[in-house]
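Let's walk through this one from the outside in. Have the coordinates open and follow along.

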Amino acid sequence: MKATLPIKSIIVVGLGASAAVWLSSKPNRIKAESKLRELKWKIKPTPFHKSENLPIEKGGNPHPHDLEDHNMVDEGALYSVKFFNEKMQ
C-alpha cells in the first residue's frame with residue numbers, strides 16, 4: 001500500500017517554505033515585523049498607547065496658586081509619615 005500525503009499537508013509545507021523564502025530578505029522581515037506589531041497594538045493596546053487619549057492638563061506642572069492640589073499632595077505625604085509613626089509605636 002502506497003502512503004499518500006494529504007493535500008492539506010502539502011499546502012501547509014508549501015506556505016511555510018514560501019514564507020521562509022520571503023522572510024529571508026531583511027526588508028521583508030522589517031515589513032512583517034511592523035505589520036505584526038501594528039496588529040498586536042490593535043488587538044491589545046499597551047498602557048502607553050491608552051494614556052495618549054487621557055486628558056492630562058496639569059501632569060507634572062501644577063499651578064503654584066492651586067491650593068487644593070497642594071493640600072492633596074501635602075495630605076498624601078503626611079499619610080505615609082503617620083502610617084510609619086503608628087507602626088513604630
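A residue is called buried under 20% relative accessible area, exposed over 50%, and partly exposed in between, using a 1.4 Å probe and protein chains only. L5 has 63% relative accessibility, so it counts as exposed. This is a predicted model, where local features need pLDDT of at least 70, side-chain atom pairs count only at pLDDT 80 or more, and totals for chains, interfaces and linings use all residues. Residues are numbered from 1 along each chain as its sequence is written, and side-chain values use heavy atoms, with hydrogens and water left out.

Now the overall fold. The protein chain has four helices and zero strands (DSSP runs numbered from the N terminus: H or I of at least four residues for helices, E of at least two for strands). Buried residues make up 3% of the 89 residues in the protein chain.

Back to L5, which sits in the segment before α1 (7-22). Which residue in helix α2 (residues 26-43) is worth a look next? Try N28, which lies in that helix. At 15% relative accessibility, N28 counts as buried because that falls under the 20% cut-off. Its side chain makes a polar contact with the side chain of S25 at 2.9 Å; such a contact is a pair of N or O atoms within 3.5 Å, and within protein one must be able to donate a hydrogen and the other to accept it, while residues adjacent in sequence count only if both atoms are side-chain atoms. Leaving aside residues up to four places away in sequence, N28 touches W22 and L23, where contact means heavy atoms within 4.5 Å.
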